[in-house]
Structures are given as C-alpha cells and as structure tokens.
There are 2 protein chains.
Amino acid sequence: MRVNQLAKNLNITGDTVRFYTRIGLLTPIKSEVNGYKDYSETDQSRMQFILSARNLGFSVDDIKVIFSRTDHGESACQIVRQMIVLKLQETEKQFQEMVKLRSKLTQAVTEWSTKPDQAPTGNMICHLIEGSANLSGANGGEHHE
Amino acid sequence: MRVNQLAKNLNITGDTVRFYTRIGLLTPIKSEVNGYKDYSETDQSRMQFILSARNLGFSVDDIKVIFSRTDHGESACQIVRQMIVLKLQETEKQFQEMVKLRSKLTQAVTEWSTKPDQAPTGNMICHLIEGSANLSGANGGEHHE
DNA sequence: TCTTGACCTGTGTCTAACACACAGGCTTAT
DNA sequence: ATAAGCCTGTGTGTTAGACACAGGTCAAGA
C-alpha cells in the first residue's frame, strides 16, 4: 500500500508516515517502476505501535530503542517498564511546573487589575511584567543552570 | 560591557544573550576595533525584561510585539493584559492535557504490574504499550486533524 | 493517441528557544 | 616573541512533524 493509504487507515496524515519513514522507523520497499514506496502490513503495525507509544508520551528516540530490541526478536517489555516510570516522573515534574506557572499567571492577572497602564521609560519596559518578577511560585532568586 | 559580563550579571549563559542579539531584541554596538559587541545598560534592562516575560510564559514572538510598541514610546500594558489572559487559557488547556497524560501513565503502570513480559510477534511489538491504546482519558477514537 | 486536470509522491525547508562546537582573536605572563 | 588560556561570533543541532513545491501518475474525455 502507498503512503496515503496507510495514513488514511490509521487516521493520520501522509506527512507523519513520511516522517517516520525518513528517520528509518518504517522501511517500505521502493518500487523500481515509479519510485513510490510500498508499505506492508508490518509497516502499518509498526506505525500503529508508534502512535500508541507517542500517545503515552514516549519520544521518538524511546521508540527507536524499543525497535532496536524487538527487531532482534527480543522482548522490550523490561525497558518499557523502566521507561514508563521515568516518563511518569518527568510528567510529574512538568505537572508541578504547570501548577506553578498557572498560579503565577492567575496572581499576575489579579494584581494587575488594580494597576494603571503606564508608558515605558529608559529602564522600564512594562511595569506590569517587570513588577511580577517575584510572584509566589516564581523562581525568583533561583540560579539558572 | 561584553556578552559574558551581561550574562553573568543576570545569571544566564552567554549563549542566551547571543540568541536574543541574533534575533534583534538586543542591539549592542559592534566595536570597530575588535568586532566585539558592546552592550549598554539599556540592553541589560531589556534582557532582564525578556527573562521576566519568559518566566510568565510569554513567547519570544510575544516579546517582539511588546518591544515593537515600547520602542516607539507607546505603552504596551494593554496588549500585555490581553496576552496574559490568552496565556492563562492556553496554560489551562495544557494543564488538562498533563492531567490526562498523568492518569494514563499511572493507569498503565498499574495495569502492567500484573502482566508478564512477552516476546514480539509479527504484528505485536510490545503488548504492554499496544494494550494501552484505550486507557481512560486516552483519545482513543478521536480523530487526529 | 493525445491531453487535461486531479491526485499523488519524495524531498527540502521551517518551526522555539536556546545549547554546543569550533576556528580564530585577544590578553597576559614569560 | 611566544605560549596558554579565555573570549568572541557564527554555523549547526535539537522535537515531531507541517508545509511548499516540482514533477510523476492515472483515469476520463476528445
């Protein structure tokens, strides 16, 4: 089957299929006659797997690692179990970041509601933003590293 | 002052300063003698503003818009107020996504704990991931558009 | 048979916000 | 003068695809 057929089967765009082909996760056979790539059922299964993995937040590199094992017939379950624990930790971290950001934004909106507009000066661009440098949850005195 | 001095003052890397210079948000004067860029106090103020804005989740493009007004002496407060409301909405959306992802991951870990490892077959790469296609909160039957 | 138009394909380039690599210039001690 | 060691600007890499585009292919009509 050809790229757009596979895409339609899985309800994704042809560009997505082409992308995973380009980086080598799908290996269709290139037709000698017209140069079109011919995708097998196996390719479709792999693409479906990729979608499931991406849906769980796995990166393309993660998926490469998984395939590098399964393509040799080895089970990837063990690494996958490790990976998902890490993913969960990362997600938790990002989640906390979101919470902080959200509270910063909410607080800024609240505080700004009582402040007037103001023209910029030489060293002050927008006093609203500049005045929000030390909101609760902000990493005010933190070192960027 | 030179790039690394400014960077040190604000506790960021020289690369960050160079980045904002490259895209035109900072406009140091290029020394005729050695080609080094000379940053003013104003540049440092602008850089500090950029950091505050980024800390609130504003994008570089947002910041460009803000500067395009303040560089003409106009107040940016009004746009900034609009922008932050949008930001808050976006953040809320992303927050919900994180919640969904987190619950998917948690549920996957729980479900997988009772399942054995398994070798890949022709159309099954890792039954753990493939079996998680329809977790609660997952966009199972959703159309990717 | 030829042509027209619609559809399809592969490839090159773009995205955000920096981080990293690297060749060369500058400074200071010897 | 020279060697070592910072310092600088610029080119490129990063995610996961999206978009643009020139050219190929195919069925219908003349």
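**Figure 1. Superposition of chain A on chain B in the predicted model.** In this predicted model, chain A is brought onto chain B by a rotation of 180° with 0.0 Å of shift along the axis, and the RMSD of the superposition is 0.3 Å. The two copies are thus related as by a two-fold rotation axis. Phe95(A) is the residue of chain A that comes closest to this axis, with its C-alpha at 3.5 Å. The same surface serves both copies, since 100% of the contact residues of chain A recur in chain B.

**Figure 2. The interface of chain A and chain B.** Contact between the two chains involves 61 residues of chain A and 61 residues of chain B. In chain A, the residues that lose the most area to chain B are Leu56(A), Ile125(A) and Ile129(A), which together give 13% of what that side buries. The area buried between chain A and chain B is about 5,200 Å². Carbon and sulfur atoms give 69% of that buried area.

**Figure 3. Polar contacts and salt bridges between chain A and chain B.** Between chain A and chain B, 12 residue pairs are in polar contact, both residues of each pair being at pLDDT 80 or more. The interface of the two chains also holds 4 salt bridges. In one salt bridge, the side chain of Arg81(B) meets that of Asp117(A), with an N to O distance of 2.9 Å. Over all chains, the count of salt bridges comes to 14.

**Figure 4. The side of chain A that touches chain B.** Following the polar contacts between the chains, of which there are 12 residue pairs, this view turns to the elements involved. Two or more residues each are given to this side of chain A by helix H3 (41-55), helix H4 (60-70), helix H5 (77-112) and helix H6 (127-131) of chain A. The largest share, 21 residues, comes from H5(A). By residue class, the side of chain A that touches chain B divides into 28 nonpolar, 22 polar and 11 charged residues.

**Figure 5. The protein surface near DNA strand C.** DNA strand C is surrounded by 21 residues. The closest of these are Arg2(A), Asn4(A) and Lys37(A) from chain A, with Tyr20(B) and Arg54(B) from chain B. At least two residues of this surface are supplied by each of helix H1 (3-10) and helix H2 (14-22) of chain A, and by each of helix H2 (14-22) and helix H4 (60-70) of chain B. H2(B) provides the largest share of the surface, 5 residues. The residues near DNA strand C comprise 6 nonpolar, 6 polar and 9 charged.

**Figure 6. Phosphate oxygens of DNA strand C and residues of chain B.** Of the atoms of DNA strand C within 4 Å of the protein, 64% belong to sugar or phosphate, and the rest belong to bases. Tyr20(B) places a polar side-chain atom 2.3 Å from a phosphate oxygen of the strand. For Thr16(B), a polar side-chain atom lies 3.2 Å from a phosphate oxygen of DNA strand C. Val60(B) approaches through its backbone, with an N or O atom 3.2 Å from a phosphate oxygen of the strand.

**Figure 7. The protein surface near DNA strand D.** Among the 21 residues around DNA strand D, those that come nearest are Tyr20(A), Arg2(B), Asn4(B), Arg22(B) and Lys37(B). Sugar and phosphate make up 66% of the atoms of DNA strand D that come within 4 Å of the protein. H2 and H4 of chain A, together with helix H1 (3-10) and H2 of chain B, each contribute at least two residues to this surface. The largest share, 5 residues, comes from H2(A). The surface near DNA strand D consists of 6 nonpolar, 6 polar and 9 charged residues.

**Figure 8. Polar atoms at DNA strand D and a salt bridge in chain A.** Thr13(A) has a polar side-chain atom 3.2 Å from a phosphate oxygen of DNA strand D. Bases of the strand are approached as well: a polar side-chain atom of Arg22(B) lies 2.9 Å from a base oxygen, and a polar side-chain atom of Asp15(A) lies 3.5 Å from a base nitrogen. The side chain of Asp15(A) also meets that of Arg18(A) in a salt bridge, at 3.1 Å from N to O. Because Arg18(A) and Asp15(A) are 3 residues apart in helix H2 of chain A, about one helical turn separates them.

Conventions:
Residues numbered from 1 in each chain as written. Chains lettered and ligands numbered in written order. Predicted model: local features only at pLDDT ≥ 70, side-chain atom pairs only at ≥ 80, totals over all residues. Heavy atoms only, no water. Near = heavy atom within 4 Å. Polar contact = N/O pair within 3.5 Å; in protein donor to acceptor, adjacent residues only side chain to side chain. Helix = DSSP H or I, 4+ residues; strand = E, 2+ residues; numbered from the N terminus. Nonpolar A, V, L, I, M, F, W, Y, C, P; charged D, E, K, R; others polar. Contact = heavy atoms within 4.5 Å. Buried area = accessible area lost by both parts, 1.4 Å probe. Least-squares fit on C-alpha atoms with pLDDT ≥ 70 in both.
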